[in-house]
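Trainee: I keep reading labels on this model and wondering where they come from. Could we go through a few of them together?

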Amino acid sequence: MPFTNTVTYFICKCANLESLQHCIQTGVWACQDRTNPPHPKDLLVSAYSQGSVVFIYSVNNQRGWHGYARSVGDSLPESTNNYLQSDHSCDPKFCGRNFKQKVQGDSESSEDSSSTKTWYFFKIVWMKNFLDFNKQECLPFENTTELLLPDGTPLNKARNWQQVSQEVGRRVCCLIDEHHQKLCLEIVMKRMTKSSLYEESFLKQEEASITTETDGWVTAVEKVKRELGKVHLVCPFGSQRYNCSVAQSDQDIFIVYQAKTTQMLSLDPPRQTIKNSEKLFVDYTVLELQRYCELLLMGDQRCVETLFLSDTKALYLASPEWKELCRVRDKLLTKSCFEKYLKEAQGTNGLKQLEKWKVSNSEVEDLPPQLNKLAYICLRLLQNARELVSMRTLQVYRSEDSLERTELLDVRLGKYKYSKMMLLFQRYLSEIDSLKDSIENDKIYEAKPIIDKWLISCRLQDLQENPYAASLVLLK
């Protein structure tokens, strides 16, 4: 922000996020006389006579700075009645709900419960705020712990309408600017990352316009071999992986490939993740070997599950090297992996969504088809979480006659009423809760050197199979 030579900085405390949001939207703020002078109104009039004024905002109990605004030159504080007569941007309902209930009052005036004190309104212009990100976003207090008030008190303990030095005020505003810029950059990077994943469909529309499941697998795998590198693993990514597919199930393919070592070492390495950009007959996820190993060590349950498919019908293709990697699979059944299963099952896109639906449909017991599918996914996640804590293994591919498969298909096909289904979920959660403390903290340090060695071995083997490429590397 541009700063003039004479700028007075005040801290403005909001009682809640709603008051802050209203202020941002209307460009109106207010102050009220304190029990003892100096009153904020008088401080503002004095500051206005000397130059411009900057207001730095913080919402109570949010532990951060939510933005800053500057004064409007000709907008001196006006009393409630005068202001409402001259400007209707401040809704009387807003005044009654917030100001009389001390939402915007300073800490001194709030000690007096009288609602007869006059409020003084004034216009402001916001220079920076975080409303475009989310209501709770702010510059954390931890970023300003070294800044002090004139009396030596930490800035983070400043009271409402407390004046701060120009040096401290300017520094806080600059930090807010930097944090805002950082958030904007993160959004841009996320968009670029997402765009890079989908910018060009790996399988063209004509290649994916196939009519059989086998054709889909063959087409995808052969193209990966031809254009990307050696294929180590091909398996399903959806209900086929669990032997629970129905007529409506999509065809989802999961492929792990190894790029050329020379390409990985170049300035133009291959994309680590490739997904289809549009709804094709085949939905595919393609991971480069390094990304696959990273996800295994992070406890990504979908990748860890693949290591438990080695002896099942769900495995379409597996290299000898990948089968060697399966020997370390038990070391990857970590607490992180367990928590990911549980979090996904119980999160806002899991059981909480089912409970939310029930609140709006209290008299209905039959779930719509899309929620039956969601319930099926939640149950599958809970089944795997229970297996992990109780047996220290994963039964990913459900056998035809297993109770787990029967439960999954019955839920998927809508055979469970809501109440009966929630009892089923509760049974699994109770079993999991009784066993979860038995999980040791992650011992990923045991698996990491093994996977490192395995990955390096694959890279070196590629060099040995390509003598010319190896000689180029050795020349370096």
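Here is how some of those labels hold up, keeping in mind that this is a predicted model.

Trainee: Let's start with Ser58. What makes Ser58 buried?

Mentor: Buried is the word for a relative accessible area under 20%. Ser58 has 0%, so Ser58 is buried. As for its place, Ser58 is found in strand S3, residues 52-59.

Trainee: And how do you know that the side chain of Ser58 makes a polar contact with Gly64?

Mentor: The cut-off is 3.5 Å between N or O atoms. The side chain of Ser58 gets to the backbone oxygen of Gly64 at 2.8 Å, so that pair is inside the cut-off. Beyond four places in sequence, the contacts of Ser58 include Cys12, Trp65 and Phe141.

Trainee: On to the sheet. Why are S12 and S14 called edge strands?

Mentor: Look at the order, S12-S13-S11-S10-S14, in an open sheet of 5 strands with mixed pairing. Strand S12 (273-275) and strand S14 (317-318) each pair on one side only, which is what the edge label refers to.

Trainee: How do you know that S12 and S13 pair?

Mentor: Pairing takes at least two bridges. There are 3 between S12 and strand S13 (residues 283-288), so they pair, running antiparallel. One of the matched positions is Ile274, whose bridge partner in S13 is Val286.

Trainee: What packs on that sheet?

Mentor: Helix H17 (residues 444-465) does, touching S10, S11 and S13, at about 65° to the direction of S11. Helix H9 (residues 289-297) lies across S10, S11, S12 and S13, and runs at about 90° to S13.

Trainee: What makes H14 largely enclosed?

Mentor: Count its buried residues: 17 of the 23, so the rest of the structure largely encloses H14. End to end, its C-alpha atoms span 32 Å, close to the expected 33 Å. Just after H14, Arg392 has a positive phi of about 55°.

Trainee: Last one, H16. How do you know that its buried residues line one face?

Mentor: Among the buried residues of H16 are Tyr418, Met421, Phe425 and Leu429. Viewed down the axis, the buried residues of H16 stay within an arc of 155°, so they line one face. In general, an α-helix has 3.6 residues a turn, so residues three or four places apart point the same way.

Trainee: Which exposed residues sit on the face of H16 turned away from the buried side?

Mentor: Leu423 and Ser434. The cover over the buried residues of H16 includes H12, H13, H14 and H15.

Key. Residues are numbered from 1 along each chain as its sequence is written. This is a predicted model: local features need pLDDT of at least 70, side-chain atom pairs count only at pLDDT 80 or more; totals for chains, interfaces and linings use all residues. Side-chain values use heavy atoms; hydrogens and water are left out. Helices (H or I, at least four residues) and strands (E, at least two) are DSSP runs, numbered from the N terminus. Contact means heavy atoms within 4.5 Å. Axes are lines fitted to C-alpha atoms, for helices over the stretch in contact, and angles run from 0 to 180 degrees between N-to-C directions. The expected span of a helix is 1.5 Å times one less than its number of residues. Buried means under 20% relative accessible area, exposed over 50%, partly exposed in between (1.4 Å probe, protein chains only). A polar contact is a pair of N or O atoms within 3.5 Å; within protein, one must be able to donate a hydrogen and the other to accept it, and residues adjacent in sequence count only if both atoms are side-chain atoms. The arc is that of the directions from the helix axis to the C-beta atoms.
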